[in-house]
Amino acid sequence: MTESFIGEGITPEDMSFCVSAMAMGKPGLPQKFSWQGKLFSVLEVLEEWKEAGDCRHGSGERYVRKHWFRVSTTENLEMKIYFERQRRSSGGARWRLYSIRSAEPNVEPNHGSETPIGKSGVTEKSPSVS
C-alpha cells in the first residue's frame, strides 16, 4: 500500500463533530467531511497525536500547533488529517487532509498527484503538551 501526500483543506460537515473531545479542550474530530466534492465518513480513529512548537515570541514555552488523526473511513481508506490550532495568515481551512492510503492492497486512491511518503514524512511525535 502506498501512502500519497495530499496537503489540501477539507470541509467538516455541520454537526458531525465529536463533542466529548471538545469538552476536554481538543478539536472535535469531524465524523463526516468533504474533500474534492466527495463526502467521507470516519469509521475509526486509529491513532491520535499532537505536534508542538516553541513560542514564536521567545518566551521559551511550547505550544500545541497541530492535532493529528489517523483514521479509517467507511470508503475503505486510511487518512491522516490534522487541525491547525492557529489560523493561517493566508486564511484557508484549519482542517487538512495530509495523506491518503487505500486499505485494500493494490488499489490506489482516486486523486491528483501521488507522492509516496513514509511515516517519517509526517512529523516526529511530540509529548503531549497542553
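Arg-101 is buried, and Glu-3 is buried as well. That pair is a good way into this predicted model, so let us start with the charged side chains and then walk out into the sheet around them.## Salt bridges around Glu-3 and Arg-101

How many salt bridges does the model contain? The count comes to six. Three of them appear in the table.

| Salt bridge | Closest N to O distance |
|---|---|
| Lys-80 and Glu-3 | 3.0 Å |
| Arg-101 and Glu-3 | 3.4 Å |
| Arg-101 and Glu-78 | 3.6 Å |

Let us take these pairs one at a time. In the pair with the N and O atoms 3.0 Å apart, Lys-80 and Glu-3, the lysine lies in strand E6 (residues 77-84) and the glutamate in the segment before E1, so the salt bridge ties together parts that are 77 residues apart in sequence. Both of these residues, Lys-80 and Glu-3, are buried.

Next comes the salt bridge between the side chains of Arg-101 and Glu-3, at 3.4 Å from N to O. Here Arg-101 sits in strand E7 (residues 95-102), while Glu-3 is in the segment before E1, and the two are 98 residues apart.

Arg-101 also meets Glu-78 in a salt bridge, at 3.6 Å from N to O. Because Arg-101 lies in strand E7 and Glu-78 in strand E6, this pair ties together parts that are 23 residues apart in sequence. Glu-78 is buried, just as Arg-101 is. Salt bridges with shared partners join Glu-3, Glu-47, Arg-70, Glu-78, Lys-80 and Arg-101 into one network.

## A second look at Glu-3

Why does Glu-3 count as buried? Its relative accessibility is 6%, and buried means under 20%, so Glu-3 falls in that class. The side chain of Glu-3 also makes polar contacts: one joins it to the side chain of Ser-99 at 2.5 Å, and another joins it to the side chain of Arg-101 at 3.4 Å.

## The sheet

Now for the strands themselves. In which order do the seven strands of the open sheet stand? The order is E1-E7-E6-E5-E4-E3-E2, with antiparallel pairing. Strand E1 (4-9) and strand E2 (11-12) are at the edges, each with a single partner strand, so one side of each has no neighbour in the sheet.

Strand E4 (residues 38-54) runs antiparallel to strand E3 (residues 32-35), and four bridges join them. Lys-32 stands opposite Ser-41 in E4, and Phe-33 has Phe-40 in E4 as its bridge partner. E3 and E4 form a hairpin with two residues between them, and Gln-36 in the turn has a positive phi of about 50°.

E4 also pairs with strand E5 (residues 62-73): the two run antiparallel, joined by eleven bridges. Glu-47 has Arg-70 in E5 as its bridge partner. These two names may look familiar, as Glu-47 and Arg-70 both belong to the salt-bridge network described above.

One more idea helps when you look at the picture. In a regular strand, side chains alternate between the two faces of the sheet.

How values were computed: Residues numbered from 1 in each chain as written. Predicted model: local features only at pLDDT ≥ 70, side-chain atom pairs only at ≥ 80, totals over all residues. Heavy atoms only, no water. Pairing = 2+ DSSP bridges. Salt bridge = Lys/Arg side-chain N within 4 Å of Asp/Glu carboxyl O. Buried < 20%, exposed > 50% of the residue type's maximum accessible area, 1.4 Å probe, protein only. Polar contact = N/O pair within 3.5 Å; in protein donor to acceptor, adjacent residues only side chain to side chain.
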